[in-house]
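Reader: I should like to learn how the features of a protein model are read. May we work through one example together?

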Amino acid sequence: MSTFLSYAVPGVPFGCTYAIVAMGLVLTYRTTGVFNFAFGAQAYASAFVYTVLTGQGVAVLPAFLISVVVLAPARGWILDRYLFRRIAATNTTAKLVSAVAIFVGLPQLVTLVFGSATRFAPPTLFLNPANVYFHLFSTPVNGLELETVIAAAAAVVAVSAVLRSSRLGLTIRAAVESPRLLELEGVRSDRVLSVAWMGSSFMAGLAGVLLAPQYPTLQFNDYAILLVAALAAAALGDLANVPMALVGGVLLGVVEGLGSGYFSPSSIWHTGLLPAIPFLVLAVLLVTRPRLRALEDSEDPLSGCDPPPPPSIIATRGPELDRIIRLGGRALALGAVISVLTWVPGNWAFTLTSGLVYSIMFLSITLITGMGGEVSLCQATFAGAGAFIAGQLAVHHGVPILLGSLVGALGALVVGAIGALPALRLRGLPLALLTLALALLADNAVFPYSWAGGPPGGLFVPRPVIGSISLATTSSKGFFVLALVILVLCVIGVKLIQRATVGRYLDALRASPIGAQSVGINPSAAKILVFALSAALAGLGGALFGSLQQSITPSDFNYQFSLVFVVVVVTTGVRTTEGAIQAGMGFVVLQQLLSYLPGRWGAGGLAVVLFAFSALTYASHPEGVVEYQKRLWTERVERLVRHGGQPPYTMATSPPKEPATAGSDHHG
Amino acid sequence: MAEGLAVEGLSVGFGGVRALDGVDLALRPGEIVGLVGPNGAGKSTLINCVGGQLEAAAGRVSLDGAPLDSMPPYLRARRGVLRTFQRIAVFPELTVREHLFVAVRARRPAGTRWSELVDRAQPNEAEALAIEEALDRVGLRERADVAVATLPLGACRLVEIARALVGGPRVLLADEPSSGLDPREAETLATVLRSVAGQGTGVLLVEHDLAMVAELCDRVVVLHVGRVIAQGSFAEVMADPTVQRAYLGHAA
Amino acid sequence: MNAIELRALSASYGPYRALDSVSLAVPDGAVVGLVGPNGAGKSTVARVCAGLVAPSSGRLLVGGEDVTGARPWRVARAGVASLPEGRGVFARLTVAENLELSFARWLGPSAVPDAIARTYERFPMLAERRRQRAGTLSGGQQRLLSLAKVLGDAPRVVVADELSLGLAPAAVDDIYAQLAVLHAEGTALLVIEQQTDRVLALADRAVVLDRGTVAFDGVPAGASPVLARILGVTAG
């Protein structure tokens, strides 16, 4: 018993760190309607400022005031004012992708501004970290641990109070459900949501500063892990129940404490299972808790006031213009190909080749998000599955890399199909969270093994040999041609599906799952198909990526890449194959261009920041930046051609759509 | 075995509240049965149970003697149980014609073929015929190639009706199809429903417009707090004092 | 004084022109019925009057104050209570919370308990369900709840869009009885309806809208023939 307690007790303060973040997530979700991935990034940003200030000799209190009381709410105000306010309350994808964009963009921005020098743990807020205050079941409790537990207890009281009783809480809940309906009551919903965002950011800042002293050095990765682990704790409270989130966090901490105590550090349980427990819990909860499945079910009763989305520009532009644009596009592509094969220097040829490979991976997002209508946060995992299968086959069995890539794609296809099974009853946010849990499971419990992710130094993946031609490093232009051919084949494949009967079924399912099922469309088969094909594309792209890089490690495919991929593709344009290619090429070209910048500006983070901030435009143009710009320019050109005629899709008079009888007789 | 749709002893609860409590109902081919009752009486719940959108706690639903109970909605649709929705559930980006194509193709009992992953999404001859017939029936031929997002509500309801009846269902469940229609559109709707029934489809019609119920329905079933409180001809049912109290109010 | 007035007002719904220079006025204390076929622009009038849709030209006045293009909260504070089509209550809040939210805004926090008590007296059905989430009420009950809010708030004018849509006859009776109470208490009403009989019986004045323009504006009895002609059917 005493051994049990000596393992369990230290888990409590550790679990309280999960709990603080979990309660912050619940607060943000309940008060803003956004599932805030950015919470981790916001906590990190405040912790960073606090660490920098105290590191320069500023006293704890003023540093706390600046980083948490002033800067954190200001950040929340900015996020609301320039990002989340512009997203319709019911647009799950936009809210999710925007939050993910902040999650990946904000830490990079911090590094850009302040540099990436190692920063050591800042002082604690009020208790002496080293001082042992008392013993609990003969386990020493130091100031750091005590402070965390006190903070968690304070948080549960404060957050519950805001959500439960106060009139502000009532108004905020109404604003989350429908800002417009609340405005009909004479309330300025924008101000209410501003306050909510400021409060939630304050909470994030507080969590960040409280947790910073726990780690020897300040690293975003710790906060990212904390955030995703806290997801499991928040899920235990159905993302709504604050005390349950606290309980969930503490439980997770205790389980981890027990695990690391009882399992020997070298055992498979310790290295494989233990880090994966939160994600396993999250996955199981998502699949089994009906209330989590129903998270996104309510609707804005006033959504009928929104005008219909404009049709795709390809569907509306005139035939002559269409021909000109197609020809121009092909000429540009041909010019680029010829240039690469002739005069473009080696490093740029390599960059453009990797752009083609990224395009193949990004096509998988076109399939799953653009056509399937779901956000997946494990595309890099699928890519990794393909890459590691191809690499392992080549290294251990001498399988040619091209054949191995196909096997890798098939392997990813199987993984995708199996991964779709628990997701069959989920959509929207819960589904995205499940894919994230799967990605983290792979990161923690599969890829670290040498039979999967290769030896610690990296897995060697050979370049292909076609006949007598070897596409080794000296001739990366040969690889360029190969990647181009494969990309074209993949694009043709995706376009074929888009035009086919199955593509129509997917359109129907995306628009109205209930309507689609009512005419005989099998939603489960469609979901498995989309996941499997998407995973296969990602796996193929991943295998080619490995072959291009020639050496890969699990960190090349970790969940953060999945997040970046989604942000890059969705903000560029997720509905068309062109969007995937533009995203792939744009991503690498931008990085290569920025690498000419001096110092840390050229280190690669800036590209991610730029894409993340293009998510700001995504809020106003959910079809993607490229699609929006295309529409804009097509309209300008057409207007020029027609000498001031009307925009192409305007009809003289057509009636407004009046919404169906919302809400009446729901249970009738 | 009895032909048509049979509902026996259907019960559903929502968190302690009985939404349906032992409901029996039969719908023969070609018959139009009106389902009326106050809001919250369980009409939509019944439709959802028959369509498969909702799982019943107890009771059975069968079509031509074959049980439907454990089937998901898409399999029921392939058996010929089609429906419309109170809150319209159309596909805004698809044209009217594409709606009908998807509906007639997906309902094929054999399911999806692998070749449909890469075909050109064109209807075959029989399907094309069915699509054109459905378009004519609901009078949407001129707007057949318009994206449904740009159509007004009334037209969307007709699209839903057409989507359900293309290819000839065995049973049509119409959940307040005239809600939000103006008199002109309601007249089209009545004509369509009558002709669908004339071809042997059983129609279960949830409707508040009593004039339409009187005009169309062979039989009327009145639900109140999850139970059938009366059934019979329109005149019989409306004369029932229980029905007058529960449903009609002082206007009758 | 007009409680609410549209002057030569045009509005669009996305690329579509929904209202074309519509003028109509509801004098203080009066009941105006707005009818017309689907797609005539009735719901757009309701949304413009709530501030949910900004007019492209023309003016919107509430009690003589120009609120053209103002946000919904400004229009609401000028005295317009909007009952939107479909669900006009917060589904995730309880019945009591819906009432509290509204009364606290319009009557001040101290007046809330009294106002809620009066409401429960008037609507025993709501008292029974005070702890129930509004989303679990039936359609008719939800609309009674939104009317109950308005009755407590005593606004200058109520704009009601398709209140009887999808309701059983008995529920429609309840709704119209409450509208009559509102009218008797001096609130002006703009009642937009698909089913014309009830609204024309209640209204002092009727406006018929057709394809975004006013086809008729006058005594209620004059509206039916115009409507019948527009619809091309004998039914009114």
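Reader: Which residue is the bridge partner of A174(B) in β8(B)?

Author: This is a predicted model. The partner of A174(B) in β8(B) is L205(B). That bridge belongs to a set of five that join strand β7 (residues 171-175) of chain B to strand β8 (residues 202-206) of chain B, and the two strands run parallel.

Reader: Which strands form the sheet that holds β7 and β8 of chain B, and in what order?

Author: A sheet is read strand by strand across its width. Here six strands form an open sheet in chain B, ordered β6-β7-β8-β3-β9-β10, with mixed pairing. At the edges stand β6 and β10 (227-232) of chain B, each of which pairs on one side only. Neighbouring strands of this sheet are turned by 20° against each other on average, with direction ignored.

Reader: Which helix lies across β3, β6, β7, β8 and β9 of chain B?

Author: That helix is α1(B), which runs at about 150° to β7(B). Helix α1 (residues 43-51) of chain B also lies across β1, β2 and β4 of chain B, where its angle to β1(B) is about 115°.

Reader: In what order do the strands of the four-stranded open sheet of chain B stand?

Author: The order is β2-β1-β4-β5 in chain B, and the pairing is antiparallel. The edge strands, each pairing on one side only, are β2 (17-27) and β5 (66-67) of chain B. Within the sheet, strand β1 (residues 5-14) of chain B pairs with strand β4 (residues 58-63) of chain B over five bridges in the antiparallel sense. As for single positions, S11(B) stands opposite A58(B) in β4(B).

Reader: How is such pairing read in chain C, and how many bridges join β1 and β4 there?

Author: The same reading applies: one finds the strands, then their partners. Strand β1 (residues 2-13) of chain C and strand β4 (residues 57-62) of chain C pair over five bridges, in the antiparallel sense. In β4(C), E5(C) has L61(C) as its bridge partner. L61(C) in turn has D66(C) as its bridge partner in β5(C). Two bridges join β4(C) to strand β5 (residues 65-66) of chain C, and these strands run antiparallel. They form a hairpin with two residues between them, and G63(C) in the turn has a positive phi of about 55°.

Reader: Let us turn to the places where chains meet. How much area do chain B and chain A bury between them?

Author: The size of an interface is often given as the accessible area lost when the parts come together. For chain B and chain A the buried area is about 3,800 Å², 60% of it on carbon and sulfur atoms. In chain B, Y74(B), R87(B) and L117(B) lose the most area to chain A, together 18% of what that side buries. The contact takes 52 residues from chain B and 43 residues from chain A.

Reader: How many salt bridges does the rule find across the interface of chain B and chain A?

Author: Side chains of opposite charge can pair when their charged atoms come close. The rule finds three salt bridges across this interface of chain B and chain A. One pair that meets in a salt bridge is R510(A) and E93(B), at 3.4 Å from N to O. The interface of chain B and chain A also has ten residue pairs in polar contact. On the side of chain B that touches chain A, α3(B) gives the most, with six residues. The residues of that side divide into 28 nonpolar, ten polar and 14 charged.

Reader: How many salt bridges does the rule find between chain B and chain C?

Author: There the rule finds zero salt bridges, while six residue pairs are in polar contact. The side of chain B that touches chain C divides into eight nonpolar, ten polar and five charged residues. The area buried between chain B and chain C is about 1,600 Å², of which carbon and sulfur atoms give 57%. N39(B), P183(B) and R184(B) supply 32% of the area that chain B buries against chain C, more than any other three residues.

Reader: Why does the salt bridge of K149(C) and E185(A) join two chains?

Author: The side chains of K149(C) and E185(A) meet at 2.8 Å, N to O. K149(C) lies in helix α6 (residues 139-153) of chain C and E185(A) in the loop between α8 (179-183) and α9 (189-211) of chain A, so the pair joins two chains. Over all chains, a search of the whole structure finds 44 salt bridges.

Conventions. Residues are numbered from 1 along each chain as its sequence is written. Chains are lettered from A and ligands numbered from 1 in the order in which they are written. This is a predicted model: local features need pLDDT of at least 70, side-chain atom pairs count only at pLDDT 80 or more; totals for chains, interfaces and linings use all residues. Side-chain values use heavy atoms; hydrogens and water are left out. Buried area is the accessible area (1.4 Å probe) that two parts lose on being put together, summed over both. A salt bridge is a side-chain nitrogen of Lys or Arg within 4 Å of a carboxyl oxygen of Asp or Glu. A polar contact is a pair of N or O atoms within 3.5 Å; within protein, one must be able to donate a hydrogen and the other to accept it, and residues adjacent in sequence count only if both atoms are side-chain atoms. Ala, Val, Leu, Ile, Met, Phe, Trp, Tyr, Cys and Pro count as nonpolar, Asp, Glu, Lys and Arg as charged, and the others, Gly among them, as polar. Two strands pair if DSSP finds at least two bridges between them. Contact means heavy atoms within 4.5 Å. Axes are lines fitted to C-alpha atoms, for helices over the stretch in contact, and angles run from 0 to 180 degrees between N-to-C directions.
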